[in-house]
Each structure stands twice: as C-alpha cells, then as structure tokens.
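Me: Hey, could you walk me through this one? I'm new to it, so plain words please.

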Amino acid sequence: MTKAHLLAAAALAAGTLAAGCAPAVQPAAQPLDRAAMPTAAADPTYDFPNVQRRTLSNGLRVWLVERPGAPLVTVQLIADAGAVADPATTPGIASLTAAMLNEGTATRTAEQIADELGFLAATMNAGAGLEAASATLSVLARNFDPALDVFADVVANASFPESAWPRVQAQRLAALLQQQDQPAVLATNQFQRIVYGQGHPMGRPVSGTPSSVRAATPEALRAFHRRYYRPDNAHLIVVGPLAAESVLPKLERAFGRWERGGPGAWTPPSDPAPLQATRIYLVDKPGAAQSEIRIGHVGVPRVHRDYFPLLVMNTILGGQFSSRINLNLREAKGYSYGAGSGFQMGRMAGPFVASGGVETRVTRESVVEFMRELEDIRGSRPVTQEELDLARVSIIRREPLTMETNGQIAGRIQDMILYDLPEDYFDSYNRRVAAVTAEDVNRVAREYLQPGRFAIVVVGDRSVVEAPLRQLPYPVEVVAAESQAPAAPSGGR
C-alpha cells in the first residue's frame, strides 16, 4: 500500500469517528477452557418442504416443491428403467441407454444439445442404477422455459445415433477394463455374484460386462427406451422458486406429447436362497499391496419394519468413523485406513456387507477381527447406552444437512417414490430414530446378522494370503476374477 493510500485511509477513519460512528466496543472474550468438552447445542429441528402432486394428461406424475428465493431450479425425471430390467444375457443395457440419452434426438444433435444447455448455463446428466434410471436438469430460474424444452426432448425423443455408438461403446469397454485393475470393484462385483447368483439382477454388474457391451447395439437401446421411458412409467420432480400454477402449463407443453407405451414395470425377483455355511472366496490379484475384504449376506428391503433399529445398530457396528469395526481395524490394530459396514436397502432386499481394504500381511488377522465384531454385537458384547446415545445423536444431527439443496430434496422425493413412503415420512424421521432402544438394537443384531452364513470375499495376492486364510475355520475357494469359475487348486482345504 502506498503512502497516499495510507493517508486516505487515515482520513476516512478520522471522518467516521468525527461523525460519531465509532466502531462498537467488543466485550471481553470469556477464557476458553480447552480441557473441557464444549456443551452440545440442542438437536436441530426441521420440516420437510410441502410437496404438491399432480398428473399430466399423458399420465406423467409430477412432484412439485416451491422454494422461494432459491435461484436454481432442479428437474429430475425418474423412470422404472434400472438395471433390474436388463435382459439376463446382456447386462448393462439400462446403463448404456441412460448414457446415450444426450447423444441426439430427432431434431437436435449432441452438439446442439450441449450448445443450447451451455448458452442457458444449464447442466444435464443421466444415469441408471439398479432399480431406476434418472435424468436431472439444473438451471437458473430465469432460463427454465427453454432449458425445459431441451430436457423434455432429450428424455422423450432420444435417437441413439449409430454415429455415436462406437465412441460410447469404446468408453464403456475402457471403463470396464480399468475396473478389472481395481481390487475394490472386483471385490464388490464378486460379492454380489456369489451372494445373489448371476441369475438375479443384483448378481449382475449394472455397467455390464465386456461381452455384453460388445453384443449391445443402438437398436437394443432404442427398444429399451421405447419400452421403459414412458410417461406412465415415470415421475417428474421439480424443486425451485416456481409456483405450481405457473409451472404446470409449462410441463404440459413440454411433456404432453410424450406418448404412453406398453408394459414397462418390472416384477421384483424372489430373494436368493441363503448360503448354507460361511465360506471364503479368494480372488487372486498378484502383487497387491492391500487385500479388499467383503463379508455379508442378503439383507432387507428399504421398507422393512425394522429399518430404524437396523440403521442405529449399523451406525454403532460400522456406519461411522467411531464405529466398532473402524475403531478396531483402523485405530486399535492399524490394519486399515478405514473399514465399516452397511445395509444396502432398496425395493429388493439388498445385501448387508462389512468391508475394507487392509494390508496384505494381515489379511487373515483382519478377517478374524471383522468376524469378531460381527459376532460380538449379536450378544457377547451388546451395545451400551453410551454407544446408543452417540449413534442416535449422530444420525439426528446430520439429517438436516441432507436436505439443504434442491438436489438433496429431489433425492428424498425419489426415495418417497421408489419406496412408496408417506408424505410425512421425513418429518417424523428423527423422532423415530430417537425412539430406538438398546433392546431394539440388540434384537435386530441377533436377528439380521448371521455369521454362520456369510460370504467372505477377499481380493488380494494369492501367493501371500491363501495359506494364512486356510488356517481359519472356513473353507476357501479360489475364484477367477471374471468368470467366477474356480481356479486351479493349490492344496489344503
């Protein structure tokens, strides 16, 4: 700063003081006792936004949330077009269909779509998960109308051009090839196949396999789109500073010509038979510095009656940094940078899985510690009141943080759609968490964790970890990474 700048600043300060605008005197700060834990504030409260439901003339169900003052509008289309609808012999069709939505329509090329959205400062992305596909638009409220036209055209009129297919196919094949070099992905895929079997949708990879992607064609994607991307098989969520009375005619204009189709809904398959005994499945990854471990079995669906006790129980077991599994394997033993567990609940009964990456040299010891924690919480070391209180507070205090943005609110509405949750569900969410007791937690741990029927998947250096693993009281089966066919035996059990 120059001398002139300093003189000017001093003059300004003097003028301010002369005008009687002296800066306020701050009260002396109280001394801070850093040896004492700060007193926690009261649990936060919140009200889930009011959701207005409408239906367009073609059967498209609309969910509207008005957020006055928010500068952005989020539009999300949810279709029953997830990987569960994939043909059994060609997994990945749902994912590839979603990936190609913005590659062109009957009236717009991919370049035109990108240019129009870019000019409007809008973003659009699409993808397919296991149970549903979604396309999401985010745009400034003042640019909503033209952006909505592009979004509706992409969703309803995607053309899946032949010219774009070689690039999209090559990108997917490259991604699958990269996954083959990622032990964490290999472990998760193998766990799903072993627990559910390749005949079950949850036993097949959402992204497909190299052979299924090579067999896919643009016409197969068009057929999938015609069957499942229909207004009577979809929901539209709109969150932003738009009144329902003004936005509904715009939605009707944009989507009203989208025609109904034939049957598109899928029927959930039956749960697979549980494993008869705990077994180790070893996938060889030569030279791996870590072993990826997955332990578990089929769990429960999202609408299960014991959802809240299971949520609290898993928070204690492996659902947060201070969980038993992480404090054991990371903090006490130093085997892992992080380990945990979770119930992957959906419309189908997703898996319960305990997981983590551990040092190769302590793979056997890590399996022992995982199993110890999974056994202990079932009875030999039931949860304490202190653990229960910490878990409940953790869930309750982070819950409002999951509903701060338009996208987060749209995600919660998606949960309401997929799992048929009542409209007041999230208003009572924290009260139901707070009502969970230690008896509830101990009961569900005994009922829903079955260590005698676990699949234990280990991806690691077979030359180092196999012999120690065979010292454990579980049969060991060596599994090939891609085909899941047993590899050549190397002796022992």
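Reply: Sure, let's start with the rings. Ring pairs link Phe-48, Tyr-307, Phe-308, Tyr-425, Phe-426 and Tyr-429 into a cluster. Rings of Phe, Tyr and Trp (its six-membered ring) pair if their centres lie within 6.5 Å; planes under 30 degrees apart are stacked, over 60 edge-to-face and the rest tilted.

Me: What kind of model is it, and how are residues numbered?

Reply: This is a predicted model, where local features need pLDDT of at least 70 and side-chain atom pairs count only at pLDDT 80 or more, while totals for chains, interfaces and linings use all residues. Numbering runs from 1 along each chain as its sequence is written, and side-chain values use heavy atoms, leaving out hydrogens and water.

Me: Ok, how many aromatic pairs does the structure hold?

Reply: There are 12 aromatic pairs. Take Tyr-425 and Phe-426: their ring centres are 5.1 Å apart and the planes sit at 85°, so this pair is edge-to-face.

Me: Are Tyr-425 and Phe-426 buried or exposed?

Reply: Tyr-425 and Phe-426 are both buried. Buried means under 20% relative accessible area, exposed over 50%, and partly exposed in between (1.4 Å probe, protein chains only).

Me: Which charged residue sits over the ring of Tyr-429?

Reply: Arg-412 has its charged end over the Tyr-429 ring, 5.9 Å from the centre. Likewise, Arg-302 lies over the face of Tyr-307, at 3.7 Å from the ring centre. A charge sits over a ring if NZ of Lys or CZ of Arg is within 6 Å of the ring centre and within 35 degrees of the ring normal.

Me: Switching to the backbone, where is Phe-160 found?

Reply: Phe-160 is in the loop between helix H4 (144–157) and helix H5 (165–179). Helices (H or I, at least four residues) and strands (E, at least two) are DSSP runs, numbered from the N terminus. Phe-160 has a positive phi of about 50° although it is not a glycine, and at 0% relative accessibility it counts as buried.

Me: And what about the phi of Asp-420?

Reply: Asp-420 has a positive phi too, about 55°, and is not a glycine either. Asp-420 is exposed, with a relative accessible area of 68%, in the loop between helix H14 (406–419) and helix H15 (429–434).

Me: Last one: what order do the strands of the open sheet have?

Reply: The six strands run E1-E2-E6-E3-E5-E4, with mixed pairing. Strand E1 (52–55) and strand E4 (123–128) are the edges, each pairing on one side only. Two strands pair if DSSP finds at least two bridges between them.
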